[in-house]
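Here's a quick walk through the hollows of a protein model, with a look at one helix and a few cysteines along the way. Have the sequence and the 3D view open as you read.

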Amino acid sequence: MASSAVIDVEYEQPAEGSVCDTRRAWARVPPEPTSTEREALKERIRRLLRERNAVMVSHFYVHPDLQDLAEETGGIVSDSLEMARFGRDHAAGTLVVSGVRFMGETAKILSPEKRVLMPDLDANCSLDLGCPVDEFGAFCDAHPDRTVVVYANTSAAVKARADWLVTSSCALDVVGALHAQGRKILWGPDRHLGDYIQRQTGADMVSWNGACIVHDEFKALELELLKQAHPRAKVLVHPESSAEVIALADAVGSTSAILNAARQLDATEFIVATDNGMLHKLRTLNPGKTFIEAPTAGNGATCKSCAHCPWMAMNGLADLANALETGAGEIHVDPALGLRARVPIDRMLAFTAGLKNGIAPGSLVAGIGAA
């Protein structure tokens with residue numbers, strides 16, 4: 001099999017406000033295996049999963065091979081909230097997380113007794129890279145009267161500095177409940193998601209100034225032109241996108257919410273403004289419907305990711321098989337740090353479980369502010 005290609009990943013962080021100046025990173029994208037190699041790797045992974053008492057946990061943005069194989073072998077394909085919950089509750093002694101590093105760290109924090117493996121430990125996230133704990137901690141220290149709410153796309157160390165953790169599927173509910181109790185919020189790291197939450201809830205928020213390399217690239221002008229070319233299409237947008245892109249959406253939400261909207265909205269054609277790894281699941285679950293990538297090209301575009309996270313693309317079958325075979329790619333989190341980081345994660349999981357059981361959001365945050 002050909003060797004992996006190493007590519008530079010340029011992404012610009014905002015120039016103003018609190019942000020770490022990480023303007024360059026890199027990604028090692030594995031080569032596509034031949035059909036014969038692919039089937040041999042899949043069979044090897046199936047065997048190793050059985051032998052190692054392991055289960056696969058894959059994100060919607062990774063390669064379709066890793067999504068399909070996870071479901072075929074009793075694992076899951078989901079967003080980061082359900083990935084965390086599934087890994088915690090599954091009986092397997094080893095979790096194989098196909099995604100980016102913060103997802104593996106979260107799995108380890110929730111299951112410290114389990115082995116957590118990843119195909120490539122260098123698979124990272126622009127939000128995580130742009131929010132180092134020392135700088136973020138100083139930002140928090142400058143606002144001691146605020147409840148610290150961080151997005152899941154952060155390191156274990158940043159999570160340990162937080163009062164609450166949220167994903168895009170529960171952020172509105174958590175912040176809304178805190179706001180209803182008069183809490184002032186310090187938010188990090190995605191500024192677009194923070195702005196969206198502030199607009200929706202009216203909460204008093206100060207935000208870290210970070211952005212997702214993928215969602216920051218969608219262009220409102222080009223999206224408007226695409227809508228004109230497809231007047232019957234509904235637009236599905238992830239809230240990590242800019243306010244101008246969100247304003248054009250028929251549905252805004254997490255990856256799970258986008259899947260639900262594609263199923264429930266009265267349309268057969270959709271324009272999708274999120275990582276194009278989602279298109280595999282959207283098309284699989286909705287045969288007969290058409291899904292079109294939202295534009296990252298056009299006026300002012302850089303197309304640095306072209307609607308696909310370069311770090312998610314680092315996950316491949318060969319590296320996954322090697323991780324299971326040799327133990328390479330194991331995630332380690334300092335136990336003391338893990339205990340502290342688990343507090344806001346458990347709060348989020350308890351909050352979302354309570355919502356499912358019909359408990360009022362205010363009751364779920366009552367008496368819980370700073371950790």
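## Hollows and what lines them

Helix H3 (80-89), helix H4 (101-110) and helix H5 (126-129) each give at least two residues to the lining of the largest cavity. Helices here (H or I, at least four residues) and strands (E, at least two) are DSSP runs, numbered from the N terminus. A cavity is a set of points on a 1 Å grid over the protein atoms alone where a 1.4 Å probe fits but cannot get out; a pocket is an open set with protein on both sides within 12 Å along at least five of seven lines, and lining residues have an atom within 4 Å of a point.

Before going on, note that this is a predicted model: local features need pLDDT of at least 70, side-chain atom pairs count only at pLDDT 80 or more, and totals for chains, interfaces and linings use all residues. Residues are numbered from 1 along each chain as its sequence is written, and side-chain values use heavy atoms, with hydrogens and water left out.

Searching the whole structure turns up 2 cavities of 30 Å³ or more. The table sets them beside the largest pocket. Its volumes are the space filled by probe spheres set on the points, with grid points joined across faces, edges and corners. Its classes take Ala, Val, Leu, Ile, Met, Phe, Trp, Tyr, Cys and Pro as nonpolar, Asp, Glu, Lys and Arg as charged, and the others, Gly among them, as polar.

| Hollow | Volume | Lining by class |
|---|---|---|
| Largest cavity | about 290 Å³ | 13 nonpolar, 12 polar, 3 charged residues |
| Second largest cavity | about 130 Å³ | 12 nonpolar, 4 polar, no charged residues |
| Largest pocket | about 290 Å³ | 14 nonpolar, 8 polar, 2 charged residues |

In the largest cavity, 28 residues form the lining, and His59, Tyr61, Tyr151, Asn153 and Glu240 sit nearest its centre. The second largest cavity has 16 lining residues, with Ser80, Met83, Ala84, Met103 and Thr106 nearest the centre. H3 makes the largest contribution to that second lining, 5 residues, while H3, S5 and H4 each supply at least two.

As for the largest pocket, 24 residues line it, and Pro30, Glu32, His63, Ala313 and Asn315 are the closest to its centre. Which helix supplies the largest share of this lining? That's H2, with 4 residues.

## Helix H2 up close

H2 covers residues 64-72, and its buried residues are Asp65, Leu66, Gln67, Leu69 and Ala70. Buried means under 20% relative accessible area, exposed over 50%, and partly exposed in between (1.4 Å probe, protein chains only). Their cover includes helices H1 (35-51), H13 (278-285) and H14 (317-326), along with strands S3 (54-59), S4 (76-78) and S5 (94-98). Just past the end of H2, Gly74 has a positive phi of about 90°.

## Cysteines and the whole chain

How many disulfides does the structure hold? There are 0, a disulfide being a pair of cysteine sulfur atoms within 2.5 Å. Cys140 has its closest cysteine sulfur in Cys131, 8.0 Å away, so that pair is too far apart for a bond. For Cys212 the closest cysteine sulfur is in Cys125, at 6.5 Å, again too far for a bond. Cys140 is buried at 3% relative accessibility, and Cys212 is buried at 11%.

Overall, the protein has 16 helices and 14 strands, and 54% of its 371 residues are buried.

Conventions. Contact = heavy atoms within 4.5 Å.
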